[in-house]
Amino acid sequence: MAEQDFVSNNMMGNGWIGLNDRGTEDDWVWSDNTKVSITNWNDGEPNGNAGNENCGEMRADTGKWNDLPCHLARVFACKSKASATPVSPVQPTTTPYPDCEWGMGGERED
Ligand SMILES: [Ca+2]
Ligand SMILES: [Ca+2]
């Protein structure tokens, strides 16, 4: 999947990709509440950890997904319109799905 490969190739560390199952355990949605239709979970994931892992990261080394507690600080991928203006570097966040203009991981395109 092109989007998966793009994010995997550009992620600067293990990072939030907008996945969460905070609403219903094991019912994974993107930050714009669209259902997850394609997955790339690592073997044995999502393991949930007794309901304590409700946000999804992408591993920088493999591109595979893992669920983690949402309070952990991670870099993040944020989908936006294409721009000729470089974006400023961002700091890791404990907000697993920050207020991205176009959401993260959903199917919205412009
Ligand atoms: Ca969970
Ligand atoms: Ca996990």
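Buried here means under 20% relative accessible area. Keep that cut-off handy for this tour of a predicted model.

**Stop 1: the calcium ion (ligand 2)**

Select ligand 2 and show the protein atoms around it. Which residues supply the donors? They are Glu45 (OE), Asn47 (OD1), Glu53 (OE), Asn66 (OD1) and Asp67, the last giving both O and OD, with distances of 2.2 to 2.4 Å to the ion. Turn on angles and you'll find 66 to 151° among the six donor atoms, an irregular site. Along the chain, the donors are spaced as E-x1-N-x5-E-x12-N-D. Now pick out just Glu53 and Asp67: Glu53 sits in the loop between β1 (15-20) and β2 (55-58), while Asp67 belongs to strand β3 (residues 65-68), so this pair ties together parts 14 residues apart in sequence.

Switch to a surface view for a moment. Is Glu53 buried or exposed? Its relative accessibility is 10%, so Glu53 counts as buried. Asp67 is buried too, at 1% relative accessibility.

**Stop 2: the calcium ion (ligand 1)**

Keep Glu53 selected and move to ligand 1. This time Glu53 contributes its O atom, alongside OD1 of Asn54, two OD atoms of Asp21 and two OE atoms of Glu25, at 2.4 to 2.7 Å from the ion. So what about the geometry? The six donor atoms subtend angles of 49 to 145°, which makes this arrangement irregular. The spacing of the donors along the chain reads D-x3-E-x27-E-N. Both Glu53 and its fellow donor Asn54 are buried.

**Stop 3: the disulfide**

Select Cys55 and Cys70 and show sticks. A search of the whole structure turns up one disulfide, and you're looking at it: the sulfur atoms of Cys55 and Cys70 are 2.1 Å apart. Look along the S-S bond, where the angle is 95° and the link is right-handed. Cys55 is in strand β2 and Cys70 in the loop between β3 and β4 (75-76), so the bond links distant parts of the chain, 15 residues apart. With a relative accessible area of 0%, Cys55 is buried; Cys70, at 10%, counts as buried as well.

**Stop 4: helix α1**

Next, select residues 2-10, which make up helix α1, and colour Gln4, Val7 and Ser8, the buried residues of this helix. Look straight down the axis: these buried residues fall within an arc of 100°, so they line one face of α1. What do they pack against? Bring up the strands and you'll see the buried residues of α1 packing against β1, β2 and β3. Then roll the view to the other side of α1, where Ala2, Phe6 and Asn9 are exposed.

**Stop 5: backbone oddities between β1 and β2**

Most residues other than glycine have a negative phi, and most peptide bonds are trans. With that in mind, zoom in on the backbone from Glu45 to Pro46, where the peptide bond is cis, with omega near -5°. Pro46 lies in the loop between β1 and β2, and Glu45 is one of the donors you met around ligand 2.

Stay in that loop and select Asn33. Its phi is near 70°, a positive value in a residue other than glycine. Asn33 counts as exposed, at 62% relative accessibility. Last pick: Asn49, also in the loop between β1 and β2. Phi of Asn49 is near 50°, again positive in a non-glycine residue, and its 41% relative accessibility makes Asn49 partly exposed.

Conventions. Residues numbered from 1 in each chain as written. Chains lettered and ligands numbered in written order. Predicted model: local features only at pLDDT ≥ 70, side-chain atom pairs only at ≥ 80, totals over all residues. Heavy atoms only, no water. Donors = N, O, S within 2.8 Å, 3.2 Å for Na, K, Ca; no water. Tetrahedral: all angles 85-135°; square planar, octahedral: opposite > 155°, others 65-115°. Helix = DSSP H or I, 4+ residues; strand = E, 2+ residues; numbered from the N terminus. Buried < 20%, exposed > 50% of the residue type's maximum accessible area, 1.4 Å probe, protein only. Disulfide = S-S within 2.5 Å. Arc of directions from axis to C-beta. Contact = heavy atoms within 4.5 Å.
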